[in-house]
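Here is a quick tour of one protein model, written for someone who likes to check contacts and geometry by eye. Keep the viewer open and follow along.

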Amino acid sequence: MRWACILLPHLALDGVLRGCADPAAPRVLVRGPAQRRVLHAVNPAAAALGLKAGLSLVTAQALAAGFESSSHDPADEARWHALLAAWAYRFSSQVSLQYAQALIVEVEGSLGLFGPWPQFEARLRNGLQALGFRHRIVLAPNPVAARALANAHDGLAIDAGQLRAALGQLPVQRAGFGAEAATAFERMGLRTLKQLYALPRDSIARRFPPQVLQHLDALLGERAFPLQPYQPPDVFEARIELGYEVESSQALLFPLRRLASDLAAFLAGRDGSVQRFTLQLEHEDCAATAVTIGLLAAERDPALLFDIARNRLEQAQLPAAVRAMGLYADQLPAFVPGHRELFDPRPQQNTPWEQLRERLRARLGEQAVHGLRVHADHRPEQAWRSEAVAEKKTVPVAPPAARPGWLLPAAVPWPGAAPQLLSGPERIESGWWDGADMRRDYYRVSSRFGQHAWVWREVGGEGGFMLQGWFA
């Protein structure tokens, strides 16, 4: 087996920056009680101002100005960790969150699907960059070695024959030992694992707890290391704290796009889709506003989900300014890709009907777009019905006579002189059972401008012609 370690050294800070309109602006994460706030992490712009982790917030404010601060929340960090595990689940069924700020992914069984490792690695990096998380990736024959090597390398890919040599160059301080054991090794003058492996095992066993030898064996793959597998949840729930009051729906589009992207990544990981989800808009002094988005068909395209949610959000009436936005989805059916032909047009040249339909419903309203179906009735006004979803059904056999492509909502008297009769009459007598009895003779006629129309008059020739529709 081959295992990839995706190390996320800035997980907490990157998670916060994803919700910022300008991630490049100076920003720090702070932790600790109100009386002693300490910098937990800083982004590159804040580091350029001379700030670093470990400084007190008071000291940081004395050294620099113009930076923003956010509170470090371990619960948020855990949610982002789980989100990335759901994203990685699309590439392998063996994903583990056992290591903090890292993902362990078994990739041997996925190389046949995603291509050789350099191509697979590039795909992983592109996905992480799109999600906004900085990372390092290492490939090794076992998960323990991959995690340890990721502390000192990025882009390293080794096989079993290269493992001992690569581990030998690894500093002991970065090899994954406990703080007490690592400090003891350093005091003994042991700097690399090569020096440590050269020591007699009996000597190490006498001086150190048994976990040290166990870890050395696990690094070489000589000792089994059980991993706790990740299982994707059955619901998706995410929340972004805005940090300020937002009164315009346009200002909510950036966090909305991020939530839609996270939902799509989660769905792709579990090979699912969504048919209904809810936006929760939190306010300061009143109950949260719920905006429910329902789709006619299950989808997972991030652009489509964002576009539909944006249109619904713009139509929502907000009672107060928004302080936070959340997204909740629990109807996650399996994804069924649309049927594609061998010579389908290129995707950029057209929009699939399902996506166009959802966008029209979101923009024009749910009642503005509907399907049509044939109804078994000879009366033209009763021969079709509208429905919410245009499903493929067995259509009744159409009447043998030709019908116009454009029927008027209601028949109107024929304008001008009497038309020229081309064919007919076709007599329709129906409706006696529902009180809409009709006895008409229908004709195909031509107007003085050469247009073909469908007209009728009462049986017996009483009254003038009534225009029912136009032929193409």
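What follows goes through two sheets, the aromatic side chains and a few smaller details. Bear in mind that this is a predicted model.

## The three-stranded sheet

Let's begin with an open sheet of 3 strands, laid out in the order β3-β2-β4 with mixed pairing. The edge places go to β3 (38–42) and β4 (68–71); each has a single partner strand, so one side of each is left without a neighbour in the sheet. From one strand to the next, the twist averages 40°.

The mixed pairing is easy to trace from β2. Strand β2 (residues 27–31) runs parallel to β4, and 4 bridges join the two. If you want a residue pair to click on, R27 has E68 in β4 as its bridge partner. On the β3 side, the strands β2 and β3 run antiparallel, again joined by 4 bridges. There, V28 has V42 in β3 as its bridge partner.

The hairpin of β2 and β3 has 6 residues between the strands, and within this hairpin G32 takes a positive phi near 100°. How much of β3 is covered? Mostly covered is the verdict for β3, with 4 of its 5 residues buried.

## The five-stranded sheet

Further along the chain, 5 strands make up another open sheet, in the order β14-β18-β17-β16-β15, and here the pairing is antiparallel. Which strands stand at the edges? They are β14 (406–413) and β15 (420–430); each pairs with a single partner strand, so one side of each is left without a neighbour in the sheet. The twist in this sheet averages 25° from one strand to the next.

For a look at one edge, take β14 and strand β18 (residues 466–470), which pair in the antiparallel sense over 4 bridges. P413 stands opposite M466 in β18.

## Rings and charges

Now for the aromatics: the model has 14 aromatic pairs. One of them is F177 with F185, an edge-to-face pair at 5.4 Å centre to centre and 70° between the planes. The planes count as edge-to-face because the cut-off for that class is over 60 degrees. Both partners sit on the covered side of the scale: F177 is buried at a relative accessible area of 13%, and F185 is buried at 0%.

There is also a cluster to look up: W87, F91, F114, W117 and F120 form one aromatic cluster.

Two arginines have their charged ends over rings. The charged end of R147 sits over the ring of Y99, 5.8 Å from the ring centre. For R440, the charged end sits over the ring of W456, at 3.9 Å from the centre.

## Cysteines and a threonine

How many disulfides does the structure hold? The count is 0. As a reminder, a disulfide is a covalent bond between the sulfur atoms of two cysteines. Among the cysteines, C20 is buried with a relative accessible area of 10%, while C286 is partly exposed at 34%.

One last stop is T289, which belongs to strand β10 (residues 289–299). Is T289 buried or exposed? With 13% relative accessibility, T289 counts as buried, because buried means under 20% relative accessible area. The T289 side chain also makes a polar contact with the side chain of H283, at 2.7 Å.

Conventions:
Residues numbered from 1 in each chain as written. Predicted model: local features only at pLDDT ≥ 70, side-chain atom pairs only at ≥ 80, totals over all residues. Heavy atoms only, no water. Phe/Tyr/Trp six-rings, centres within 6.5 Å; stacked < 30°, edge-to-face > 60°. Buried < 20%, exposed > 50% of the residue type's maximum accessible area, 1.4 Å probe, protein only. Lys NZ or Arg CZ within 6 Å of the ring centre and 35° of its normal. Pairing = 2+ DSSP bridges. Axes fitted to C-alpha atoms, helices over the stretch in contact; angles between N-to-C directions. Disulfide = S-S within 2.5 Å. Polar contact = N/O pair within 3.5 Å; in protein donor to acceptor, adjacent residues only side chain to side chain.
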